[in-house]
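Student: I've got a structure to go through today. Can we take it piece by piece, with the reasoning spelled out?

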Amino acid sequence: MSPGRTIYTKIDWILTACYLALAVFGWLNIYASTYSEGTEGMFSLATRSGNQLIWIGIASVTAFIILFVLNSRLWKSISWPLYGLTVALLVAVLLFGHEVNGSKSWLTLPGGFAIQPSEFSKITTALCLARIMDGYGFNLSNTRDFLKIMAVIGAPMALIALEPDIGTILVYCSLAFMLYREGLPGKILAAVGFAILLFLLTLKFSPFVSLLTAAGTVGLLLACRLRHPFRAVLILAASITAAAFLPALLRLAADRLTADLPAPEYWILAIILAVMIAGVIFCMKKRIKGWSRPVLTLAVSAALIFSVDVIFHNVLKPHHRDRIENLLGISDDPMGAGYNVNQSKIAIGSGGLTGKGFLQGTQTKFNFVPEQSTDFIFCTIGEEWGFLGSVSVLAIFLIMIARIIQTAERQKNRGVRVYGYCTASYIFMHVFVNVGMTIGIMPVVGIPLPLISYGGSSFLSFTILLFIYIRLDLERWK
């Protein structure tokens, strides 16, 4: 056997088996999710399962070509042209695309085929990131290199945000895992997480609560750096506790003065500014270093907190706002924005331990859950296959992600490792958000379950994404 053919015996059959298992199981559940009395067979082209079978066939041929026909070096050489093509398609979507469920994400091609360019943009972005980060001397700590990466990720994200497709934006955010592995300082990820926390606290409670949280967090970090941290923490805790009574005191004062007073967040902002100014003057007189970062953190936090209302009401679509408010418990609309999630949880809960059986789901049969073959297909799995079936599907995804990370760590080529982590991050975020929204812990943003949900663009893009990595992984055996 020639050396070239010997390499192909090293194909990662664990990943391939996971792929096949998910594809077949997804096809069965697509049929189940659209099944009712009198429905045509699962092989009929009049059904979604029949159409999905065509896409499975197309994807299988594509996977074969990637593995056995195309040279692995091809992907590096054409990464930029492919990236440019997908960006152009994202622009075309904004100009000529048609809207589905409040998002203009689809582009109709000659012959009546519709594609979702954002699905394929994830592949080309990963290829370009792998090429850039494999370059000689690349270092994420270098500002120029960091800005290159942010530009590659930011261009498609900005275009997708204009559609808008919140689900795909969240998937792009998962690239933070890859960047952290490749040397991105953890402080940056912590800052992003803190910004998300403040955003949610402002929505759920008030700007006052968020400002107290920001001041308390920054104060705690500063206190831990002092000579007597315990004393500083006690003073900080007492100050935050006293400040928490400010809204009640203002209401009491307003009642006695029979006048409207400024909102509590403006009072606490004034107090924070006064303390910041006094602290800066003290540090400058004593020539104490390191005061600029806490001041900047508080300033940025305050700017974010007071811009939440503008972002929430002017950037997000009405149906996105309704779903987020329903998730956070700000509003309760079980027959409106919360209908999908409410029915999905009923379907999953009714499955019990072993499920009702294939094609026996009542929630599924009577179409209680909209989009059940696409975004909410996991509730079909929960109802008909039960807890054991649901856990089995999640276990296959876990094996797939763990296997990709394991083999990525063995790569001699940094670019292949980067691409592997991009692939694992995409799959993880898709599974986390999709399953999360079906059980009510994530907002409904319209994101498919990889290789299981109905949809040609999604299935084909994940096939290409995965099998490019399997093909690149073969190079380490040379």
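Tutor: Sure, and keep in mind that this is a predicted model. Let's start with V69, which is exposed because its relative accessible area is 56%, and the cut-off for that word is over 50%.

Student: Where in the chain does V69 sit, and which residues form a nonpolar patch with it?

Tutor: V69 is in the loop between helix 3 (48-68) and helix 4 (73-77). The patch it belongs to has about 460 Å² of accessible area in total. Its other members are V61, F64, I65 and F68.

Student: Zooming out, how many helices and strands does the protein have?

Tutor: The C-alpha trace spans about 80 × 60 × 45 Å along the principal axes, and the protein has 478 residues. As for the elements, there are 21 helices and 3 strands.

Student: What share of the residues is buried?

Tutor: A residue counts as buried when its relative accessible area is under 20%. The protein exposes about 23800 Å², with 68% of that supplied by carbon and sulfur atoms. Of the 478 residues, the buried share is 46%.

Student: And among contacts between residues at least 6 apart in sequence, what percentage joins residues at least 24 apart?

Tutor: That one is about how contacts are spread along the chain. Leaving aside pairs that are not at least 6 apart in sequence, the share joining residues at least 24 apart is 69%.

Student: How far apart are the mean positions of the positive and negative charges?

Tutor: The protein carries 37 positive and 25 negative charges. Take the mean position of each set, and the two points are separated by 17 Å.

Student: On to salt bridges. How many are there, and what separates E119 from K122 along the chain?

Tutor: The count is 8 salt bridges. In the one between E119 and K122, the closest N and O atoms are 2.9 Å apart, and both residues are buried. The two sit 3 residues apart in helix 6 (residues 117-133), so what separates them is about one helical turn.

Student: What about R414: which residue is its partner at 2.8 Å, and is that partner buried or exposed?

Tutor: R414 forms a salt bridge with E182, with 2.8 Å between the closest N and O atoms. The pair links distant parts of the chain, 232 residues apart, with R414 in helix 20 and E182 in the loop between helix 9 (175-181) and helix 10 (186-204). R414 is partly exposed, because its relative accessible area is 21%. E182 has a relative accessibility of 7%, so it counts as buried.

Student: Which residue does E383 pair with, and how far apart in sequence are the two?

Tutor: E383 forms a salt bridge with K356, the closest N and O atoms being 3.0 Å apart. E383 lies in helix 19 (residues 377-409) and K356 in the loop between helix 17 and helix 18, so the bridge ties together parts of the chain 27 residues apart.

Student: Which residues are joined into one network by salt bridges that share partners?

Tutor: R414 and E182 have already come up as a bridged pair. The network also takes in a further residue, and its members are E182, R414 and R417.

Student: Now backbone angles. What is phi for L359 and for L451?

Tutor: Most residues other than glycine have a negative phi. L359 is in the loop between helix 17 (339-350) and helix 18 (362-365), while L451 is in the loop between helix 20 (414-438) and helix 21 (456-473). Both are buried, because their relative accessible areas are 15% for L359 and 5% for L451. Phi is positive in each, about 70° for L359 and near 65° for L451.

Student: Which helices help cover the buried residues of helix 8?

Tutor: In helix 8 (residues 166-173), the buried residues include G167, T168, I169, V171 and Y172. Their cover includes helix 6, helix 7 (143-161), helix 9 and helix 20.

Student: Last one: which residues does Y180 touch, not counting those up to four places away in sequence?

Tutor: Y180 is in helix 9. Its C-alpha is 17 Å from that of A151, a residue 29 places away in sequence. With residues up to four places away set aside, Y180 touches G186 and L189.

Definitions and conventions
Residues are numbered from 1 along each chain as its sequence is written. This is a predicted model: local features need pLDDT of at least 70, side-chain atom pairs count only at pLDDT 80 or more; totals for chains, interfaces and linings use all residues. Side-chain values use heavy atoms; hydrogens and water are left out. Patches are made of residues with over 30% relative accessible area and no salt bridge: like charges are joined within 9 Å, nonpolar side chains (Val, Leu, Ile, Met, Phe, Trp, Tyr) within 5 Å. Accessible areas come from the Shrake-Rupley method with a 1.4 Å probe; for residues, only the protein chains shown count as cover. A salt bridge is a side-chain nitrogen of Lys or Arg within 4 Å of a carboxyl oxygen of Asp or Glu. Helices (H or I, at least four residues) and strands (E, at least two) are DSSP runs, numbered from the N terminus. Buried means under 20% relative accessible area, exposed over 50%, partly exposed in between (1.4 Å probe, protein chains only). Contact means heavy atoms within 4.5 Å. Lys and Arg count as positive and Asp and Glu as negative; His and the chain ends are not counted. The place of a charge is taken as NZ of Lys, CZ of Arg, CG of Asp or CD of Glu.
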